[in-house]
Amino acid sequence: MSVPAPVPAATPAAVTVRVPAKVNVQLAVGAARPDGFHDLANVFLAVGLYDEVTVTESDELRITCSGPDAGQVPLDRTNLAARAALALAGRRGIDPAVHIHIAKDIPVAGGMAGGSADGAGALLACDRLWQAGASRAELLSICAELGSDVPFSLVGGAALGTGRGEQLRTLEAGGTFHWVFAVADGGLSTPAVYGEFDRLNEGVRVPEPTASEALLAALAKGDAEALAATLANDLQPAALSLRPSLRDTLEAGRAAGALAGLVSGSGPTTAFLVGDGDTAEKVAQALTASGTCRTARAAVAPALGATVV
Ligand code: C5P
């Protein structure tokens with residue numbers, strides 16, 4: 001009896017990947033390294049606000065973007081999604097002729113890794129569209145070339161990032177955490193915030209960054225009150241120095257009933273941990289009404305990393 005030849009897998013016409021935003025529940029920052037980066041102990045938590053990145057065959061590499069903040073997204077080759085497609089195509093010697101569409105729901109203001117999410121999403125989507133067969137390790141290595149936060153966007157969940165934040169160890173997150181994000185008007189440049197960190201710490205011996213055991217335990221237990229008591233961001237004084245009005249946003253969120261608030265990453269987004277979903281809606285409404293931010297969004301964590309949908 002003859003065995004039928006295996007049918008080759010059909011090349012998909014389009015691939016869509018859903019990628020989450022992140023918040024840093026702890027961002028411990030060391031002294032500036034000779035390469036200009038800073039060693040970190042960066043506790044990432046993926047949150048349920050998502051961009052969807054769709055790639056389709058096209059005659060040339062192009063990017064489009066939809067969503068309320070779409071006008072603020074660069075559509076040229078500086079976009080991490082384009083750089084991801086170029087990096088994978090370069091490794092495989094193929095023509096990066098794809099149309100990348102970003103359906104953007106992650107706030108563009110900064111501090112939530114929206115650009116990194118699009119880089120990780122485009123990379124995974126191109127790998128599937130081109131059937132490039134990249135291993136997880138290769139995808140993570142390309143992500144690390146694209147930016148310090150990009151590997152975490154691929155992985156999601158909860159993780160400790162060391163080195164410049166790109167070396168990840170998966171962490172346990174033992175429950176659902178409710179968050180509210182206050183989206184500021186305009187952005188804050190990440191290099192400028194790190195530069196301000198260096199300026200504020202001039203002449204000071206900056207300790208080695210280490211993850212807080214109490215914070216990791218709170219995360220593993222799913223204990224929101226204990227996590228609230230241990231949230232920490234070493235970049236916060238620098239972000240507040242460059243954008244003093246963020247103090248008003250932090251105060252408004254706490255006054256509205258948040259357990260705690262902090263600047264997310266290098267800002268200017270501020271993140272508030274709250275006790276439950278109802279409180280999240282109330283705090284989001286109060287923050288929006290406070291006039292101290294452009295808008296506020298409620299979301300739960302942890303969320304899955306980049307996922308083909
Ligand atoms: O890696 P990424 O491109 O996201 O970094 C943007 C900038 O943030 C870097 O050029 C650097 O100024 C700063 N940075 C840093 N230390 C890190 C991560 C980022 O100084 N660990």
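Leu75 touches Ile63, Thr64 and Cys65, leaving aside residues up to four places away in sequence. This is a predicted model, and in it Leu75 sits in the loop between β3 (62–66) and α1 (80–92). Cys65 is ten residues from Leu75 along the chain, and their C-alpha atoms are 7.7 Å apart. So is Leu75 buried, exposed or partly exposed? It counts as partly exposed because it has 15 C-beta neighbours inside 10 Å, and that label goes to counts between the two limits, 12 or fewer for exposed and 20 or more for buried.

Now for the ligand. Which residues are around it? On the glycine side of the list you'll find Gly36, Gly147 and Gly165. The others are Phe37, His38, Leu40, Ser148, Asp149, Arg164, Thr190, Pro191 and Tyr194. Two elements, β2 (38–57) and α5 (190–200), give two or more residues each to this shell. The largest share belongs to α5, with three residues. If you sort the shell by class, you get four nonpolar, six polar and two charged residues. Both domains take part as well: domain 1 (14–170) and domain 2 (177–301) each supply at least three residues to the shell.

Next up is a hairpin. Strands β5 (residues 158–162) and β6 (residues 167–170) run antiparallel and are joined by four bridges. Across the pair, Gly161 of the hairpin faces Leu168 in β6. Four residues lie between the two strands, and Gly163 in this hairpin has a positive phi near 65°. Arg164 and Gly165, by the way, are among the residues around the ligand.

Finally, the annotations. UniProt, in an unreviewed entry, places "domain: GHMP kinase N-terminal" at residues 79–157. The feature "domain: GHMP kinase C-terminal", likewise from an unreviewed entry in UniProt, is put at residues 215–290. Here's how the two spans look in the model:

| Span | Helix | Strand | Distance between end C-alpha atoms |
|---|---|---|---|
| Residues 79–157 | 58% helix | 8% strand | 24 Å |
| Residues 215–290 | 59% helix | 14% strand | 30 Å |

To tie this back to the ligand, Gly147, Ser148 and Asp149 belong to its shell, and the N-terminal annotation covers residues 79–157.

Note on methods
Residues numbered from 1 in each chain as written. Predicted model: local features only at pLDDT ≥ 70, side-chain atom pairs only at ≥ 80, totals over all residues. Near = placed C-beta within 6 Å. Nonpolar A, V, L, I, M, F, W, Y, C, P; charged D, E, K, R; others polar. Domains from an automatic or database assignment. Pairing = 2+ DSSP bridges. UniProt positions renumbered as here; feature names shortened; annotations may be inferred. Contact = placed C-beta atoms within 7 Å.
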